[in-house]
Amino acid sequence: RASIEASPSAFSTDAKPNTFEEITTYNNYYEFGTDKSDPSRNAGGLTTAPWSIRIDGLVDRPGEYGLEDLMQGVALEERIYRFRCVEGWSMVIPWIGFELSQILNRVGVQSGARYVAFETLLRPEEMPGVARPSIEWPYREGLRLDEAMNPLTIMATGLYGEPMPNQNGAPIRLVVPWKYGFKSIKSIVRISLTDQMPPTSWNMLQPNEYGFYANVNPEVDHPRWSQASERRIGSSIFAPRVDTVKFNGYGEQVAGLYAGQDLAKDY
Amino acid sequence: MLVDRLNGWARRISPNWLYAAAVIPVLWLVWQLNTGALGVDPVKRIEHSLGLWGLQMIVAGLCITPLRRLAGVNLLRFRRAVGLIAFAYVTLHLTVWLLLDLQLRWGQIWGDILKRPYITVGMAGFALMLPLALTSNAASIRRLGAAGWQKLHRITYLAALAGVIHYIWLVRTWQAEPILYFLAVIGLILLRVLWSARSRRARTAPVA
């Protein structure tokens, strides 16, 4: 395989990645349906080229940026990250991408900016799932600026050396490995720098269940299920259940971001 | 006529065939597991399939009386088998949850049962089915008397209610399927309430 050149990263885990097949047939991407096998079945018709991202808000150079322009001169890395879903399962995924800070530095973040808001493409004619109002479309996510600038936070454009499959958020998506998977928004068409905490889709739907921060945390349960452990899934009925690690094991890099914050309150 | 033909078949087919038929979907799951057709998280697929089949059999069991009263289709002799198969599926569903999903992490299991409303409701549903399964035999009907036995088995409606609430509560957004099951059970309960109110009225009505 490996059609994309990418250098290895010190941030990669040495855990064994899930297979390409597993990563691309088990997705939460409600725009294509709520069943985990829906996206792989229904996302084939998504047009991902040409693609552009509108970058606006508190930035020096707002505008509609073509994906090729944004990627120009960007050094791609392979980041093998643990991926923990809020539903209590996890995988290991070899992403290809680059640090989000590279984009933000290019467009010039103004001093008043404190948050970054993201939006997923909304194109009903190619997304059968949006006919049902299960979520208020378009899908929205957000990060605090310091979280967005953290070197672990990447914009991923591929996995397993291949261009990003549609069902995984082609052509470009966010990956924030110390947060629950729903924060890692797919198929991004808009990035806004704001001074206010932006509304985020799951939080809008069930504020007591999904917070803005959504850091992986075994000590803070989802109201309807425990987050103390997770199943490392991958085609076996004996997928082991393992203890969940705070910040999904990336505490060394990110715990400092939350110094003085009560993470049970800021869940 | 269709109803007569259905009733004719129902008289000829032994309920024991239903037990045999109920094993087929379980074997189908095992087969799919071997061929990899259950996908990336087979445990969840098995767990959810068994739970859903259990619920479907509970709903099917509740439909038997209305079918007879509204359409004249008499499947009463299958009701015990339908109920026991429902109980078997639900028991397997619970077993998969304990063994393969939670992997006998008892601390977390008790925490889930006590603190997670949808699991609490699900466990309550299972507990409600226990006395029903244990008394689904001729000896129990004799011991309890027909009226007492029937009264006990009205618990079925509570178990069904627990099942649909458990289902609706576990999905992350409002989805059509669990809501449809919920409405079906509510409808069947209302029908039953309506009928018993009417028969009470009929019993207490003064003779003209």
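**Notebook: aromatic rings and the A–B interface**

I began with charges over rings. A:Lys183 lies over the face of A:Phe212, 4.3 Å from the ring centre. I note here that the model is a predicted one. I then looked up a second case of this kind. The charged end of A:Arg82 sits over the ring of A:Tyr250, at 4.5 Å from its centre.

**Ring pairs**

Next I turned to rings against rings. I described each pair by the distance of the centres and the angle of the planes. Over all chains I got 16 aromatic pairs. I took up A:Tyr213 and A:Tyr258. Why is this pair edge-to-face? The planes stand at 90°, and over 60 degrees counts as edge-to-face. The ring centres are 6.1 Å apart.

I then asked where the two tyrosines lie in chain A. A:Tyr213 is in the loop between α6 (201–205) and β12 (229–232). A:Tyr258 is in the segment after α7 (251–254). The two parts are 45 residues apart in sequence, so the pair ties them together.

Are A:Tyr213 and A:Tyr258 buried or exposed? I found both buried.

I also checked which cluster they belong to. A:Tyr213 and A:Tyr258 form one aromatic cluster with A:Tyr115, A:Phe212 and A:Phe247. A:Phe212 is the ring that A:Lys183 lies over.

**Where chain B meets chain A**

I moved on to the interface. How many residues does each chain give to the contact? I have 36 from chain A and 26 from chain B. The two chains bury about 2,400 Å² between them. Of that area, 48% is on carbon and sulfur atoms.

I looked for charged pairs across the interface and found six salt bridges. I wrote down A:Asp221 with B:Lys115, whose side chains meet at 3.8 Å, N to O. For polar contacts across the interface I have 14 residue pairs, both residues at pLDDT 80 or more.

Which elements of chain B give two or more residues to the side that touches chain A? I list α3 (42–71), α4 (79–101), α5 (106–115), α6 (117–134) and α9 (155–170). The largest share, four residues, comes from α3(B).

**One residue in α4 of chain B**

Last, I looked up B:Tyr89, which is found in helix α4 of chain B. Its relative accessible area is 6%, so I entered B:Tyr89 as buried. I left aside its neighbours within four places in sequence and listed its contacts: B:Ala22, B:Pro25, B:Val26, B:Leu50, B:Trp53, B:Gly54 and B:Met57. I also took the spacing to B:Leu52. B:Tyr89 and B:Leu52 are 37 residues apart in sequence. In space they are 8.6 Å apart, C-alpha to C-alpha.

How values were computed:
Residues are numbered from 1 along each chain as its sequence is written. Chains are lettered from A and ligands numbered from 1 in the order in which they are written. This is a predicted model: local features need pLDDT of at least 70, side-chain atom pairs count only at pLDDT 80 or more; totals for chains, interfaces and linings use all residues. Side-chain values use heavy atoms; hydrogens and water are left out. Rings of Phe, Tyr and Trp (its six-membered ring) pair if their centres lie within 6.5 Å; planes under 30 degrees apart count as stacked, over 60 as edge-to-face and the rest as tilted. Buried means under 20% relative accessible area, exposed over 50%, partly exposed in between (1.4 Å probe, protein chains only). A charge sits over a ring if NZ of Lys or CZ of Arg is within 6 Å of the ring centre and within 35 degrees of the ring normal. Contact means heavy atoms within 4.5 Å. Buried area is the accessible area (1.4 Å probe) that two parts lose on being put together, summed over both. A salt bridge is a side-chain nitrogen of Lys or Arg within 4 Å of a carboxyl oxygen of Asp or Glu. A polar contact is a pair of N or O atoms within 3.5 Å; within protein, one must be able to donate a hydrogen and the other to accept it, and residues adjacent in sequence count only if both atoms are side-chain atoms.
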